[in-house]
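Let's take a walk through a protein model together. Have the sequence and the 3D view ready, and follow along as we go.

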Amino acid sequence: MKEIHIQLSGSKSITNRLLILNALYSNTIRLINTSKSQDSQLMQDALSSNNELIDIHHAGTAMRFLSAYYSIQNKRKTILTGSHRMKERPIEILVTALQKLGANISYLENNGYPPLEINGKELHENKIKISSQVSSQYITALCLIGTQLKNGLNIELEGKVTSFPYINMTLNILTQLGIKVDFYKNIISIAYTNKLKKTEFVIESDWSSASYHYSLCALGNDFKIRLKYLFKNSLQADRKVEIIYKDYFGVSTEFINGEIILSKIKEFCYPKSIQLDMNDCPDIAQTVAVTAFGLRIPIHITGLETLKIKETDRLHALKTEIEKCGGEVFITDNSLKINSCNNFIDNINIQTYNDHRMAMSFVPLKLLFPLQIENPEVVKKSYPEFWEDIKKYNFFY
């Protein structure tokens, strides 16, 4: 059995929340094991810049969090823009909420989409209603700046909450830092907090990055994979990858001294088909879908409404690329269904659509048949060490 040792960098989701909070509280938090992702680097660069024009390229989290952050930077004017794809990703729900709180934000090109002109000011309103059905990042953006509003902030959520664990992560981070929060029924209350005590915050490694190694373990035959700084009591939504891969793909996870060890379960009985609601963890949906395709297990995944507004329309991208490999795929606005594949098609070029997760989720299929990944450098967005880590498997180099 080949043993692979991988050290993942810190969670992008946790890092980006803490970068905003650190900027709001004059760098009183010492961050340990921050994410090395391009998204987090773009966030750091933006927060340390005094320029009027801030370009966050493809970083959707940065666009949302910084829209809120700059809206409360009193007397500062900011033009917040991004890539061509970023200008196609809606932000109207968040901007409208900020405007109702008193923010001075206007659209520079198309209504409802970046780029934005933001003229920072003090916000005095402390109650807002917002649809919770599109992106939890809108809600998190409001929670983060709510800590700095003199009257605090009450956020009333309307409709089904998308990706609830990400909201829970935000509230837990605030609580750990000593900020008073409350979430009762559908109302989140954030207390104004003038100062934080100087503290250290150790950032857990990224479970979504770990998902690709779960897929490699599931599709391989003789891997024992050790991943550092992943914990059983994780707040990350993508922690669910451990349960999914154990129940459906026969991968066991052993938690030992701050690391996990992945291996195949002997004589595992694979399901005839899989039904999953991944509303709570949509970022690992591509990995799970491709794994099921590789194992020839029919799968139907629901709760994927947010995938259409990511770096690309991920549902359409998955359908196109899996069908190129020989699969039969059906999609709706919020679901994906893959039928069992009889024969794989070799030597396909997998288009990545400037989407890091499209590149990484298809790589494990190389264990089964030859294929090529176009634009491989796109992985820098979330997992810049990906190709170096993949070399450790020695299965196609």
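## Starting at Ser-11

Leaving out neighbours within four places in sequence, Ser-11 is in contact with Ser-35, Ile-203, Glu-204, Ser-205, Asp-206 and Gln-236 (contact means heavy atoms within 4.5 Å). Before going on, some ground rules: this is a predicted model, where local features need pLDDT of at least 70, side-chain atom pairs count only at pLDDT 80 or more, and totals for chains, interfaces and linings use all residues. Residues are numbered from 1 along each chain as its sequence is written, and side-chain values use heavy atoms, with hydrogens and water left out.

You'll find Ser-11 in the loop between β1 (2-6) and α1. Helices (H or I, at least four residues) and strands (E, at least two) are DSSP runs, numbered from the N terminus. Is Ser-11 buried or exposed? Ser-11 counts as buried because its relative accessibility is 0%; the cut-offs are under 20% relative accessible area for buried, over 50% for exposed, and partly exposed in between (1.4 Å probe, protein chains only). A polar atom of the Ser-11 side chain lies 3.2 Å from the backbone nitrogen of Ser-13.

## Two domains, side by side

The protein splits into domain 1 (11-202) and domain 2 (207-391), with bounds from an automatic or database domain assignment. Their C-alpha centres lie 29 Å apart. To the contact, domain 1 gives 27 residues and domain 2 gives 24 residues.

Together the two domains bury about 2,000 Å², 51% of it on carbon and sulfur atoms. Buried area here is the accessible area (1.4 Å probe) that two parts lose on being put together, summed over both. On the domain 1 side, Arg-85, Pro-165 and Tyr-166 lose the most area to domain 2, together 23% of what that side buries.

How many salt bridges cross this interface? The rule finds one, where a salt bridge is a side-chain nitrogen of Lys or Arg within 4 Å of a carboxyl oxygen of Asp or Glu.

## Phe-201 in its strand

Now look at Phe-201, which sits in strand β11 (residues 199-202). With 9% relative accessibility, Phe-201 counts as buried. Its contacts, not counting residues up to four places away in sequence, include Ile-14, Leu-18, Ile-29 and Leu-177. Ile-297 is another story: Phe-201 and Ile-297 are 96 residues apart in sequence and 41 Å apart in space, C-alpha to C-alpha.

## Pairs of opposite charge

Side chains of opposite charge can pair when their charged atoms come close. The structure holds 16 salt bridges, and here are some of them:

| Pair | Closest N to O distance |
|---|---|
| Asp-39 and Lys-381 | 2.7 Å |
| Glu-88 and Arg-85 | 3.5 Å |
| Lys-319 and Glu-323 | 2.8 Å |
| Lys-324 and Glu-321 | 2.8 Å |

Find helix α10 (residues 314-324): Lys-319 and Glu-323 both lie there, four residues apart, about one turn of the helix. Lys-319 is partly exposed at 23% relative accessible area, and Glu-323 is partly exposed at 31% relative accessibility. Why are Lys-324 and Glu-321 separated by about one helical turn? Because they are three residues apart in helix α10. Lys-324 counts as partly exposed at 29% relative accessibility, whereas Glu-321 counts as buried at 1%. Elsewhere, salt bridges that share partners join Asp-283, Arg-314, Asp-355 and Arg-357 into one network.

How values were computed:
A polar contact is a pair of N or O atoms within 3.5 Å; within protein, one must be able to donate a hydrogen and the other to accept it, and residues adjacent in sequence count only if both atoms are side-chain atoms.
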